Amino acid sequence: MFMKSKKNPPKGLRIIIVGCGKVGMTLIEQLSREGHDIIIIDKSAEKVQTMSSLYDVMGLPGNGASYGVQMEAGIENADLIIAVTDSDELNLLCCTVAKQVGNCAAIARVRNPDYSREVGYLREKLGLAMIINPELEASREAARILYMPTALEINTFAHGQAEMVKFKVPEGNKLAGMPIAQLGKDITENILICAVERDGEVYIPSGNFRVEAGDVVSFVASRMMAKAFLKHIGFKTNQVKGTMIIGGGKAAYYLANQLLHMGISVKIIERDRERCERLSILLPKAIIINGDGTDEELLKEEGIEYVESFVPLTGIDEENIMLTLYARRMSNAKIITKINRIAFREVINSLDLGSVIYPRYITSEAIIAYVRAKKDSMDSNIETLYHMFDHRVEAIEFLVYEKSGVTGIPLKDLSLKKDLLISFINRHGDIIIPSGHDSIEVGDTVMIVTTHTGFNDIQDILK
């Protein structure tokens, strides 16, 4: 039986979420906030009761791969099923059953490297809308940062052609005290500063906004220009030569594999001897150390004082944070901290950990982008979605494939909402940092950055 029924059923999509773990909880929170009709399934009646009470969603305890349970949850009338349990096999089975019974789209979380190598095949043969791998996506984000280690965060758009880079403006930097309009005249017109955080406040800056030392700045540029801009304003932009990873789980494997392909040497410290032996086979070019990565003596012995980069991936947030703080004290390494839970965000932010990656947000953002596009009207589609600055800002990339109220009109003549920037236009692979004379055309992808939330359509940018 359902644990609870909705007070006022929303007008969004009807979505079944199987699994109330960390990613499931994030999806329930965000999708219910966006007005979708959510039904949750989990083997734990206690978890279902808690989530249905917290978020006013309907809940059903049981096995999400069971035909009977899916029928009771209303799979025949569902628009989407999202399976995010701890088991890859159960997630794939949930989606397979749903595709046989209902006419809904299906998304599965799959983390095992064996399956990840076969994502295209699985998606096609099982008819899935998406297969999402949090550890793989988190490792890609970490690898991008180690490629350009002065950045706090790097997100990609336009199929890798454009990047949004976040960095902190140091004392004495040539940007400090400069109005943004002057940046285009004195340095380059090929980048756009689209968000600035200062003293806990986030601004979508206009041309007369002055950048100050201590600001955390996000800018958009083509991949080549992003690196050139950082170099021009005095940052080192060389990728790291080596990294030390603490923990040898899936995330460590994915990250090490990518770094080795980039020519970066890798040392992994892992407690479990069997896992070390397995990693030495999977990653023959990496150095695998069997030991306790939280042991100070071992870390000193393995050269923590001299490493160029350090990534704690123990699976325990508290250990990762402590290791980060220790490494900051002992070395000048570029450090990336992976955090799975999202409690105590303000405390974590106050610790100044540098680059922090939240796999559950990476996963949920990809799924929410898909959901918004599915709900969307027919003249545009969401390609990519990122939340920035603790979900206070959204960066959304739209594909424009029909004429509408925003196409063919110079941007200066559009009546745009406040606190919104059109950051770039991707036209046939060329990244245009737009001026007021540029216009959006059919076939473009367009990225907007805004403090408004819940945009589904490119026309939402208009007043």
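Begin at Asp215, whose side chain reaches the backbone nitrogen of Glu212 at 2.8 Å. The model on display is predicted.

**Stop 1: Asp215 and its surroundings**

With Asp215 selected, trace the backbone on either side: the residue lies in the loop that runs between β10 (201–203) and β11 (216–222). Next, display the side chain of Arg198, which a polar contact of 2.8 Å joins to the side chain of Asp215. Then show the residues that Asp215 touches, leaving aside those up to four places away in sequence: Phe167, Lys168, Val169, Val196, Glu197, Arg198, Phe209 and Arg210. Is Asp215 buried or exposed? Its relative accessible area is 1%, under the 20% limit, and Asp215 is therefore classed as buried.

**Stop 2: the whole chain**

Zoom out and colour by secondary structure. The protein chain comprises 15 helices and 22 strands. Its radius of gyration is 23 Å, close to the 23 Å that the globule rule gives for 463 residues, so the chain is as compact as a globular protein of that length. Turn the model along its principal axes, where the C-alpha atoms fill a box of roughly 65 × 65 × 40 Å.

Switch to a surface representation. The accessible surface of the protein chain is about 20400 Å², and carbon and sulfur atoms contribute 48% of it. Of the 463 residues, 55% are buried. Among contacts with a separation of 6 or more, 62% are between residues 24 or more positions apart.

**Stop 3: salt bridges**

Side chains of opposite charge can pair when their charged atoms come close. How many salt bridges does the model contain? The count comes to 19.

Select Glu135 and Arg111 to see one of them, with N to O at 3.8 Å. This pair links distant parts of the chain: Glu135 belongs to helix α7 (residues 134–147), while Arg111 is in the loop between β5 (105–109) and α5 (113–116), 24 residues apart. Both Glu135 and Arg111 are buried. Now add Asp86 and Arg109 to the selection; together with Arg111 and Glu135 they are linked in a network of salt bridges.

Move on to Asp444 and Arg427, whose side chains form a salt bridge at 2.7 Å, N to O. Here too, distant parts of the chain are linked, since Asp444 is in the loop between β21 (430–432) and β22 (445–450) and Arg427 is in strand β20, 17 residues apart. The two partners can be examined separately for accessibility. Asp444 is buried, with a relative accessible area of 2%. Arg427, at 24% relative accessibility, counts as partly exposed.

For the next pair, select Lys412 and Asp413. Their closest N and O atoms are 3.7 Å apart, in a salt bridge, and both residues are exposed.

**Stop 4: two residues with positive phi**

Most residues other than glycine have a negative phi, and most peptide bonds are trans. Select Asp56, which is not a glycine but has a positive phi of about 55°. Where is Asp56 found? Asp56 occupies the loop between α2 (45–55) and β3 (58–61). With a relative accessible area of 19%, Asp56 falls under the 20% cut-off and so counts as buried. Add Ser32 and draw a distance between the C-alpha atoms: they are separated by 8.2 Å, although the two residues are 24 residues apart along the chain.

Then select Asp419, another residue other than glycine, where phi is positive and near 55°. Asp419 sits in the loop between β19 (393–400) and β20 (420–427). Its relative accessible area of 43% lies between the 20% and 50% limits, and Asp419 is therefore partly exposed.

**Stop 5: a nonpolar surface patch**

Finish on the surface with Met322, Leu325, Val347 and Leu351. These four residues make a nonpolar surface patch of about 340 Å². To place the patch relative to the fold, centre on Met322, which is found in helix α13 (residues 317–330). Why is Met322 classed as exposed? Its relative accessible area is 56%, and the exposed class begins over 50%, so Met322 belongs to that class.

Terms used. Residues are numbered from 1 along each chain as its sequence is written. This is a predicted model: local features need pLDDT of at least 70, side-chain atom pairs count only at pLDDT 80 or more; totals for chains, interfaces and linings use all residues. Side-chain values use heavy atoms; hydrogens and water are left out. Patches are made of residues with over 30% relative accessible area and no salt bridge: like charges are joined within 9 Å, nonpolar side chains (Val, Leu, Ile, Met, Phe, Trp, Tyr) within 5 Å. Accessible areas come from the Shrake-Rupley method with a 1.4 Å probe; for residues, only the protein chains shown count as cover. Helices (H or I, at least four residues) and strands (E, at least two) are DSSP runs, numbered from the N terminus. Buried means under 20% relative accessible area, exposed over 50%, partly exposed in between (1.4 Å probe, protein chains only). The radius of gyration is taken over C-alpha atoms; the globule rule is 2.2 Å times the number of residues to the power 0.38. Contact means heavy atoms within 4.5 Å. A polar contact is a pair of N or O atoms within 3.5 Å; within protein, one must be able to donate a hydrogen and the other to accept it, and residues adjacent in sequence count only if both atoms are side-chain atoms.
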